[in-house]
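Q: I have a structure to look at and I don't know where to begin. Can you take me through it?
A: Sure, here it is.

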Amino acid sequence: MPRHSQQVSPCCSPKSAVFLDRDGTINEQMGYINHISRFVLLPGVAQAIRKLNAMQLPVVVVTNQSGLARGYFPESLLDAVHEQMRQQLLAEGAHVDGIYSCPHHPEAKVVQYRNACNCRKPKTGLLEQAARELNLDLSRSFMVGDRWSDLRCGAAAGAATVLVRTGYGRGEELYIGPQEAVQPDFVADDLLAAVAWISGKLCMPLPAESRCIGSECR
Ligand SMILES: [Mg+2]
Ligand SMILES: [Zn+2]
């Protein structure tokens with residue numbers, strides 16, 4: 001690849017993005033969200049996503065939803081939950097740029113979802129699909145989640161990783177992390193703290209085509 005290739009058309013070069021796990025990172029960890037009433041945004045999440053929006057960083061939700069494969073709820077419920085998430089964020093001036101879900105499980109009760117897929121985290125299929133469809137550079141992106149499967153997924157995709165201490169995060173940090181080869185680039189108390197760290201990282205010297213894009217970067 002020519003060395004100048006990324007300078008030819010900066011507006012079309014792949015972008016950094018922030019990938020967010022859903023349950024335990026955006027909304028309260030409640031096991032399967034098998035009813036709309038179980039979707040509860042965590043404090044500070046809308047504000048955190050609004051900051052990412054202001055930094056013009058695409059925000060992409062990547063979520064394993066094996067409850068579909070297990071027959072616990074239909075796709076229409078998943079759609080309704082995501083519509084509610086979008087509306088609740090919108091009410092606070094925040095938006096996500098994409099939502100990618102893995103409905104599969106290798107031993108699914110529901111035959112159409114019985115699949116050893118490549119998109120169930122820690123596999124990287126959801127991130128790769130988003131990167132293709134939204135023109136994202138995974139190697140300059142971030143993956144934020146409350147479980148080691150999120151961190152392993154992000155690291156395998158070449159992204160920087162952040163563990164949040166919401167959801168399963170505190171327990172994973174204590175009992176899972178010490179045995180794991182992959183370690184997070186940062187551990188944050190919540191998504192808001194994760195976003196503060198990410199904005200700092202993006203203000204550091206980056207390759208020539210990059211620059212500080214954060215309105216809040218000083
Ligand atoms: Mg989670
Ligand atoms: Zn899948």
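**The sheet and helix H4**

A: There is an open sheet of 6 strands, in the order S3-S2-S1-S4-S5-S6, with parallel pairing. Strands pair if DSSP finds at least two bridges between them; helices (H or I, at least four residues) and strands (E, at least two) are DSSP runs, numbered from the N terminus.

Q: Which are the edge strands?
A: S3 and S6 (186-188), each of which pairs on one side only. From one strand to the next, the twist averages 25°. Angles run from 0 to 180 degrees between N-to-C directions, with axes as lines fitted to C-alpha atoms, for helices over the stretch in contact.

Q: Where do these numbers come from?
A: This is a predicted model: local features need pLDDT of at least 70, side-chain atom pairs count only at pLDDT 80 or more, and totals for chains, interfaces and linings use all residues. Residues are numbered from 1 along each chain as its sequence is written, while chains are lettered from A and ligands numbered from 1 in the order in which they are written.

Q: Okay, H4. Which of its residues are buried?
A: Leu126, Leu127, Ala130 and Ala131. Buried takes 20 or more other C-beta atoms within 10 Å of the residue's own, exposed 12 or fewer, and partly exposed is in between; C-beta atoms are placed from the backbone.

Q: Why are they on the same side of H4?
A: Because they cover an arc of only 135° around the axis, taking the directions from the helix axis to the C-beta atoms. An α-helix has 3.6 residues a turn, so residues three or four places apart point the same way.

Q: And the face turned away from that?
A: That face of H4 carries the exposed residues Arg132 and Glu133.

Q: What do the buried residues of H4 pack against?
A: S1 (18-20), S2, S3 and helix H5 (148-156). Leucine 127 touches Phe19, Val62, Leu138, Cys153 and Ala157, leaving out residues up to four places away in sequence. Contact here means C-beta atoms, placed from the backbone, within 7 Å.

Q: What comes just after H4?
A: Asparagine 135, with a positive phi of about 60°, although asparagine 135 is not a glycine. It is partly exposed, with 13 other C-beta atoms within 10 Å.

Q: Different topic: where is the cis peptide bond?
A: Between lysine 121 and proline 122, with omega about 15°. Proline 122 lies in the loop between S3 (98-102) and H4 (125-134).

Notes: Contact = placed C-beta atoms within 7 Å.
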